[in-house]
Amino acid sequence: MPTVKLTAKNFATDQDVRWCPGCGDYSILKQVQTVLPQIGVDKEKIVFISGIGCSSRFPYYLNTYGMHSIHGRAPAIASGLKLSRPELSVWIITGDGDSLSIGGNHLIHVLRRNVNVNILMFNNEIYGLTKGQYSPTSPQGVVNKTAPMGSIDRPFNPSAITLGADGTFIARAMDRDPKHLQAMLKRAHQHQGASFLEIYQNCNIFNDGAFFIFTDRKTKVQSTLFLEDGKPLVFGKDKEKGIFLDGYKPKVVNLADGYSTDDLWIHDESDLYKAQILTRFFDDPRQEGAFPRPFGVFYQEQKPTYEDILFQQIMEATSEDTSDDAFNALIAGNETWEIS
Amino acid sequence: MPKLLEKKEVVIKFAGDSGDGMQLIGSQFTNNTALIGNDLGTFPDFPAEIRAPQGTLAGVSGFQIHFGSTEISTPGDYYDVLVAMNVAALVKNLPQLKKAGTIIVNLSGFDDKNRRLANQITNPLEDGTLDSYRVYKIDITRLTRESLKETSLGRKAKDRCKNMFVLGFIYWMYNRELSSTLNFLNQKFAKKEDILDANTRVLKAGYHYGETTETFTTRYEIPPARMKAGTYRNIIGNQALALGLTAGARKAGIPLFYGSYPITPASDILHALAKYKRWGVTTFQAEDEIAAICSAIGASYGGSMGVTGSSGPGIALKGEALSLAAILELPLVVCNVQRAGPGTGMPTKTEQADLMQAIYGRHGECPLPVIAPKSPADCFHAALEAVQIALTFMTPVMLLSDGYIANGAEPWRFPKIQDLPTIKTNFAKPMENGEQFHPYTRDENLSRPWAVPGTKGLEHRIGGLEKEHITGNVSYNPENHQMMTKLRAQKVANIANFLPEQKIELGPEKGKLLVMGWGSTYGVIRSVVRELLEEGHEVSFTHLRSLNPFPRNLEQILRSYEHVLIPEINDGQLVHIIRSTFLINPKGFHKIKGQPIFKTELKDAVLSHLA
């Protein structure tokens, strides 16, 4: 436990923040600075490692150890750090391009290995820093600098991929719901294993409004589904709609049509099969009959982390003699001879 | 009674189908040879494919050993004895057998089927091809099966033991004891009694065959070499490299982190280090080459000695991360076990054509120190030196080995860990006074402090963007960028003050011709120059360990000779670099065949330059 009581101010640096005015990243920074004093970790043990992108400027604005590395490679660098220094609290800051385009391979492997790191993926569905190219999460048909006739690529579904990579903690939050985001940051930290938290972030310069349908007070109630473990999946202005699981097929139902909350799908964070279905709630929200977009923790599972098992192996190996005499025997090998 | 003839040196080539076990008996014979005190050099030569079609030329696997009572610096150009288990092995290796050399063949490998698989129209045993050699035809397969008559092994399992027959026979030929191989078999097959029994029987059968038949009238003895007094072991290059890295980290008092991705011919380093958890070594088999170096960078950031290893194609992939490590100014060792390129090249064949990649191969102004071992045992010392440079100067270091020394073996008078120098580290101490830590202050070596996460009061951010001198804040200031670029370059250049001066190893310190090499050409150049000096020629030899920076007296040395000849296993890379650095015009001898340079061809080349 820290000996000095930390506040958000301890985590602020003297560097000018250079994100565009109105950028969603400011909110994320604020929530992280608010949460870090509350997680009970000594400030010097916290490390932020980022890739490249607007998201990845993040470490400069936090007064912790930080590394601004290369495009897509933060999970690999963080893995080397965490495996050699498992006592550190390691956070990865990445974006939709950084983590799902060039960094896709490293993302799925750090999840597969279940290294205990917290991955915060700022998804703004665009390449902001390089000024407006479409990203692997941009909707199909979006028109911008590199797709003047509309993008041909279908977007990745981040929750589905990360769950498919056997991630042990999959969650989603948004820049414009500070309380929820803070709660998700805390959950990500608490989870022992690789935590993947996608954060919808508004890029007001190159992709303004991409998530308004989910974040605006008026439309949010119909288009979002806030997950709570043990609670039924309900949404709508008066929570009048719910998700009903018919076999393995989800259906949106009106409670008024004779459904009680007991009939509905009750969220269970430990249910892998239901989580897989939930990640597929990925419809275009403007379409008729679209499923609401889930926010919160899709799935959480406790599994040994990579470094837990590595540590056990190291303990076992180092229980043998590690003296200089023993090391000399290693250098000498199995057979030696003398020349006099 | 066969007579016992003393010889000064012998070259034997074991060759067969991959799967005939030639590598195993080659390495067994090597160990046995080392134990009796011969100096030796080896050259394993195997195909890239795991199992090329049986009996074909592509599938031939060979092991060459040159051993003697004199100084041995090469695996030998031409063999005295060729053991050929099938037609393909004979056909492939015959060109390098000495006139009137000895051939020992396995008759069963010379049937019609094998003849066809090796694309021969006639059988070389019958068509006169081998008339000028001494050929011994032994039905090794039949004799092996006979010696295992009483066992319950199936035919395939019996045939797998035929390499032991060959080994036993060769041991007899060279008046050896069997105990080193018997010990090896006892350990390897401790839990498989029937295999242990079979191999032991066949080994002894081969030995007794020599004794009881009248095939051979002469046995050979090669007395021990006059080597420096001390305790020796046999060591393979990659093994030595792994030990050197481990020893270096131990002398620095920090853990070793090896992030790597399997690639020929570097994978054995990962295999060796994976077994060293006991010695503070963590290995991480990363998902790709880039993750491999990035994980090592992460580990260095955390205070370990981060190391990554690969071959040419993998080093190419690591370019961006290398540039990051250079601007982060973190310690890192990057091992390149070079192989023939470009592209996928010839993965199991040697080359030293990645020198320019090591010196120049990054975007931006990004000089890095480059050092190269000269022999299998020297991989230990070069690795140790790389660790020391990385930690002292807070920089990535390129360590250039190659396939030939990585897989080759030689006797090594190994050190004790206590006798190696302690390696100092540059860790920044905690600060409690609330002052802002400046990550880019520099010491007398122009090295920045190693401020490791977890240290109180030193919280700071580093990254790939250009940073302001001293404070380390991101800076686009024009003057700052030029200054930082020059500082980084100066730091690397200053390493020359830390390295020893270059010495002339053989011959006069000035004169007509200097032959200079780097990396694995050491043995052959030394051997050639020594011979030429004995024959009365005026020639000198020096060998570079550090390719960047060059030793501080190198220019003065080069200018002390009328001509400089640089033999290389590439198309003239060091020649090019020397020329552009010093405006001196060396000559080159370039062999780009995926093989080490042979003594005879180099001697001819040097003689033609002396003329």
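Start by selecting strand β12 of chain A (336-339) and strand β9 (residues 230-236) of chain B: the two pair in the antiparallel sense over four bridges. Two strands count as paired here if DSSP finds at least two bridges between them. Strands (E, at least two residues) and helices (H or I, at least four) are DSSP runs, numbered from the N terminus. Zoom in on A:I339, whose bridge partner in β9(B) is B:G230.

Before moving on, a note on what you have open. This is a predicted model, in which local features need pLDDT of at least 70 and side-chain atom pairs count only at pLDDT 80 or more, while totals for chains, interfaces and linings use all residues. Residues are numbered from 1 along each chain as its sequence is written, and chains are lettered from A and ligands numbered from 1 in the order in which they are written.

**Stop 1: where chain A meets chain B**

Now widen the selection to the whole contact between the chains. How many residues does each chain bring to it? Chain A gives 49 and chain B gives 56, where contact means that C-beta atoms, placed from the backbone, lie within 7 Å. On the chain A side, colour β2 (65-68), α2 (74-84), α4 (104-113), α10 (306-318), α11 (324-332) and β12 (336-339), each of which supplies at least two residues. The biggest giver is α2(A), with eight residues. Coloured by class, the chain A side shows 21 nonpolar, 19 polar and nine charged residues. In this scheme Ala, Val, Leu, Ile, Met, Phe, Trp, Tyr, Cys and Pro are nonpolar, Asp, Glu, Lys and Arg are charged, and the others, Gly among them, are polar.

While chain A is in view, pick A:K131. This residue is not a glycine, yet its phi is positive, at about 75 degrees. You will find A:K131 in the loop between β4 (118-123) and α5 (158-164) of chain A.

**Stop 2: the domains of chain B**

Hide chain A and colour chain B by domain: domain 1 (3-221), domain 2 (233-417), domain 3 (426-498) and domain 4 (511-610). These bounds come from an automatic or database domain assignment. Keep domains 2 and 4 of chain B, whose centres, taken over C-alpha atoms, are 25 Å apart. Their contact involves 22 residues of domain 2 of chain B and 20 residues of domain 4 of chain B. On the domain 2 side, α14 (355-360), β14 (370-371), β15 (396-402) and α16 (403-407) of chain B give two or more residues each. Of these, α14(B) gives the most, with three residues. That side divides into 15 nonpolar, three polar and four charged residues.

**Stop 3: two helix pairs in chain B**

Select helix α11 (residues 289-301) and helix α13 (residues 319-328) of chain B; their axes come within 9 Å and cross at roughly 15 degrees. That makes α11(B) roughly parallel to α13(B), a label used for angles under 35 degrees. Axes are lines fitted to C-alpha atoms, for helices over the stretch in contact, and angles run from 0 to 180 degrees between N-to-C directions. Show the side chains of B:I290, B:I293, B:C294 and B:I297 in α11(B), which meet B:A321, B:L324 and B:A325 in α13(B). By class, this contact has seven nonpolar, no polar and no charged residues.

Next, take helix α1 (residues 22-35) and helix α7 (residues 179-188) of chain B, with axes that come within 9 Å and cross at roughly 130 degrees. The residues to show are B:Q28, B:N31, B:N32 and B:L35 of α1(B) with B:S180, B:T181 and B:F184 of α7(B). Here the classes are two nonpolar, five polar and no charged.

**Stop 4: a parallel sheet and two cis prolines**

Go to the open sheet of four strands in chain B, ordered β19-β18-β21-β22 with parallel pairing. Its edge strands, each pairing on one side only, are β19 (540-544) and β22 (587-590) of chain B. From one strand to the next the twist averages 25 degrees. Inside the sheet, four bridges join β18 (residues 511-518) to β21 (residues 561-568) of chain B, and B:L513 stands opposite B:H563 in β21(B). Add helix α21 (residues 573-582) of chain B, which packs on the sheet and touches β18, β21 and β22 of chain B.

Finish with two peptide bonds. The bond joining B:N548 and B:P549 is cis, with omega about -5 degrees, and B:P549 lies in the loop between β20 (546-548) and α20 (554-558) of chain B. The bond from B:T264 to B:P265 is cis, with omega near -5 degrees; look for B:P265 in the loop between β10 (256-260) and α10 (267-274) of chain B.

Technical notes. Parallel < 35°, antiparallel > 145°, perpendicular 65-115°, else oblique. Contact = placed C-beta atoms within 7 Å.
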